[in-house]
Amino acid sequence: MIATRFSSRVIIKLPYRRLRFGLAGDAPTNGVAPSEEDSAVGLLLFVIAIVAFATLAMRESPLWHWGVATLALGLLSGVNFGPVHPEFGLGFGSWLLIVLGLVLLALSVAPLRKALVITPVFGAVKSILPRVSRTEQEALDAGTVGWDAELFSGRPNWDKLTEIRPLTLTAEEEAFLAGPTETVCQMIDDWDIRHNRADLSPELWQFLRDKGFLGMLIGKEYGGLGFSAQAQSMIVSKIASRSVAAGITVMVPNSLGPGELLEKYGTPAQKEKYLHRLATGVDIPCFALTGVHSGSDAGGMRDIGIVTKGMWNGEETLGVNLTFDKRYITLAPIATLVGLAFILKDPNNLLGRGEDIGITLALIPHDHPGLDIGRRHFPARQAFMNGPVRGKDMFVPIEFLIGGTDYAGQGWRMLMECLSTGRAISLPAIGSTSIKATLRATSAYARVRRQFGIPVGTMEGVAEPLGEMVKRAYSFEAARRLTASMVDEGQRPAVIAGLLKYTTTEAMRDSMDDAFDIQGGRAIQDGPGNYLFGAYQALPVAITVEGANILTRTLMTFAQGVLRAHPYLLKEVQAAQSKDRQKGIDAFDTAFGGHTAFMLRNIVASFLHGLTNGSFASSPNDGPMAGWYRKLHRYSQAFALTADWTTVVLGGALKAKQKISGRMADLLGDLYIMSATLKRFEEEGRLAEDRELVDAIMEDRIASMEKTFGEVFDNFPNPVFGTAMRFLCFPLGRHAKPAADDVNYKFVRAVLRPGAFRDRLTTGVYVSMDPNDVTGVLEDAFIKVTEAEDIEARFIKASRRGVFDRRLDRDAIADAVEAGVINDNEAGIMRAADEATERAVQVDDFDKDVLKHTEQRTAAE
């Protein structure tokens with residue numbers, strides 16, 4: 001027997017049991033209050049709904065899965081088994097879920113979904129998304145993504161990190177580092193280079209040419225060394241640890257220069273003509289990119305070439321009429337071969353490709369008619385050659401275009417491919433070696449220099465910045481070698497290269513500031529014995545070159561990274577800008593669906609990892625760093641959600657919100673440094689001596705990230721989304737703290753002693769033990785003072801008891817021997833330490849006429 005009743009729910013009488021369909025919270029039937037059984041069922045259904053949502057989101061399930069799950073939940077939501085009258089009913093909530101499930105199932109049918117949802121969304125996105133310019137698109141296309149994409153994904157595939165080869169050199173490369181590179185460092189007198197000559201010595205120039213330093217990247221078939229990126233980076237690093245000017249001089253031909261461009265894009269005739277000359281130093285190259293008015297904005301370049309016909313070698317030929325004005329061009333004053341970037345136009349369509357060809361590259365001999373290599377710049381009083389290059393209505397034959405007409409208009413892509421590689425090798429090499437060299441010098445000085453009867457490095461106030469220098473030395477060397485290995489594997493890590501450029505050079509600046517604070521008057525008094533001042537002067541150059549750090553951080557790194565490394569964003573942008581509307585809609589449908597699933601997974605994963613502090617995140621192994629790998633996964637997930645929402649919510653306004661963009665770049669930088677640090681620890685055999693240091697680096701980076709996340713959320717233009725991101729990423733709040741003082745103090749004490757730990761932190765830096773050398777004097781004193789420390793401790797203790805006085809008019813060591821405090825042999829050890837210390841702490845002084853002559857000479861130059 002079946003009786004029906006229509007009211008707010010449908011009741012169906014069934015024998016033996018009552019079935020009631022309705023969401024928890026529906027009005028009770030017949031005025032009967034919900035029983036404990038009803039409440040329990042409601043709670044169970046709520047848990048089922050949450051688990052279903054989390055499971056579907058984490059699996060990035062297709063739309064029809066969501067439809068089936070929602071429909072099933074709608075049917076199940078009202079089920080309750082009661083002991084009285086069995087009845088069957090559908091409440092409003094149940095109907096809502098059922099309808100939603102049916103809608104989702106309907107939308108899983110592609111034609112219906114595209115017509116009802118995708119096409120309107122496509123139109124809206126098309127109207128608000130910023131259009132990617134030609135130069136931006138070429139920059140995006142030029143680089144490759146790798147580990148950076150894993151960090152943007154929020155669920156890093158550890159194989160992508162662990163399978164990158166460790167630091168690897170061939171026997172030939174190792175021999176070159178130990179032989180010719182060591183010799184170059186011995187030949188360098190940085191004071192003579194930067195103060196007397198404002199140039200490398202002729203002997204050093206000749207040695208660099210003869211030994212192939214200017215053609216390390218050029219293949220052996222053309223007479224070059226054909227060295228790996230890792231080897232080039234380490235060679236430049238070692239030379240720069242001795243003289244930044246010499247390091248830059250070697251770096252530039254092996255970074256963004258005609259050699260690499262010719263190898264990749266040159267015509268056979270161009271390769272045959274120039275590569276051997278470049279490899280052997282017969283030709284010195286430069287590359288002119290930066291314009292007077294455009295700066296780093298290649299799209300705003302005013303340097304123009306017009307395709308035309310003109311006379312060349314007595315014959316009329318097709319060529320380009322060039323007008324350009326470039327500056328800040330390294331090696332320009334001595335270059336024999338000038339690379340040039342300009343915008344090519346063809347108003348008469350002589351090339352058959354329309355009027356606007358685009359950015360094009362040319363290679364011009366220095367003595368070509370009309371080429372004006374101007375007077376020399378003097379950047380931060382650095383000795384490397386730098387100057388302007390100009391030309392007005394200068395005709396060059398078409399054969400001067402790098403790659404010929406086939407590559408006309410592709411110059412920006414060509415540059416970006418070379419620049420991403422060069423950036424990944426060169427500036428991280430300069431920055432990391434400066435960080436390591438300042439640590440090596442400062443740790444020696446902090447041990448040798450005593451105040452209040454103790455080494456200044458053991459004083460907590462000094463140990464604090466010294467500890468930061470130690471952590472930078474380990475982590476940024478890790479990042480340098482990881483990035484160089486990526487290049488050797490064929491990657492062109494454009495985003496990482498830009499990221500590492502600004503983070504490394506900023507860390508270089510911080511370490512130099514710390515070194516000056518610790519060494520005080522010894523650091524600021526310039527002269528032949530000052531081992532810091534040359535690098536200190538070069539800091540603004542490193543900060544400014546290849547795009548000032550302020551722009552690289554706030555405008556370029558995150559904006560380029562999120563477009564390039566986000567799994568769906570670039571696909572959506574490209575689909576929205578497709579000239580074929582239907583193809584665009586089809587592509588957008590795929591990308592938008594993937595992006596929606598990605599966003600849902602980010603919501604769930606970020607919240608779960610936030611609740612558990614990454615306890616259930618992944619790790620590539622169960623070793624001592626497994627916990628840090630899981631933390632890295634957890635914060636990568638938080639970054640993925642924040643990066644995605646920041647880009648979606650801000651859209652084209654992201655370029656204007658440069659403080660937000662800069663903070664997002666900082667987060668990516670912290671994630672990358674953490675990755676590199678963990679990889680180095682693994683590759684060096686998980687050394688127990690380094691574990692506390694690695695732990696401290698990770699603690700510091702996580703504390704830094706939590707602070708930066710908070711700044712992003714606090715300053716997010718849309719407070720609703722800012723609050724939502726805060727809740728999802730840090731549901732329990734932000735509680736990370738940097739490494740404790742006592743932990744930092746432990747590895748500061750360790751670096752104040754000779755040994756493997758200090759050598760490992762400063763690996764790749766040129767080291768001299770010669771007491772007559774500018775840095776060897778420190779190393780010599782460091783060893784001798786350490787050998788004498790036990791003797792010195794007894795000596796100082798006796799002096800404080802008044803056994804003898806330490807006075808300039810007395811030989812205190814002889815008095816100590818006479819008093820029986822030390823013996824004659826110990827006195828000899830102390831005298832050697834004292835004499836070495838005296839040499840190490842001395843500073844230069846000059847006759848006033850010498851300095852006056854220098855000022856007059858500089859003014860004349």
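**Working through a buried arginine and its partners**

Arg481 counts as buried, with a relative accessibility of 10% (buried is under 20% relative accessible area, exposed over 50%, partly exposed in between, with a 1.4 Å probe and protein chains only). The model is predicted, so local features need pLDDT of at least 70 and side-chain atom pairs 80 or more, while totals for chains, interfaces and linings use all residues. Numbering starts from 1 along each chain as its sequence is written, and side-chain values use heavy atoms, leaving out hydrogens and water.

**Exercise 1.** Find out which residue in helix H16 pairs with Arg481 in a salt bridge, and whether that partner is buried or exposed.

*Solution.* Start with the helix: H16 covers residues 460-488 (helices are DSSP runs of H or I, at least four residues, and strands E, at least two, numbered from the N terminus). Next, look four residues away from Arg481, about one turn of the helix, and you land on Glu477. Their side chains meet in a salt bridge of 3.1 Å, N to O (a Lys or Arg side-chain nitrogen within 4 Å of an Asp or Glu carboxyl oxygen). Finally, check the cover: Glu477 has 2% relative accessibility, so Glu477 is buried.

**Exercise 2.** Work out which parts of the chain the salt bridge between Glu684 and Arg481 ties together.

*Solution.* First, the contact: the closest N and O atoms of Glu684 and Arg481 are 3.2 Å apart. Now place both ends: Glu684 sits in the loop between H24 and helix H25 (688-714), and Arg481 in helix H16, so the bridge links parts 203 residues apart in sequence.

**Exercise 3.** Do the same for Glu692 and Lys746, then say how exposed each one is.

*Solution.* The closest N and O atoms of this salt bridge are 3.3 Å apart. Glu692 belongs to helix H25 and Lys746 to helix H27 (residues 741-751), so the pair joins parts 54 residues apart in sequence. As for cover, Glu692 is partly exposed at 36% relative accessibility, and Lys746 is partly exposed too, at 48%.

**Exercise 4.** Name the residues that shared salt-bridge partners join into one network with Arg481.

*Solution.* Begin with Glu477, the partner within H16. Add Glu684, the partner in the loop after H24. Then bring in Lys436, Arg480 and Arg680, which are also in this network. For the wider picture, the structure holds 52 salt bridges.
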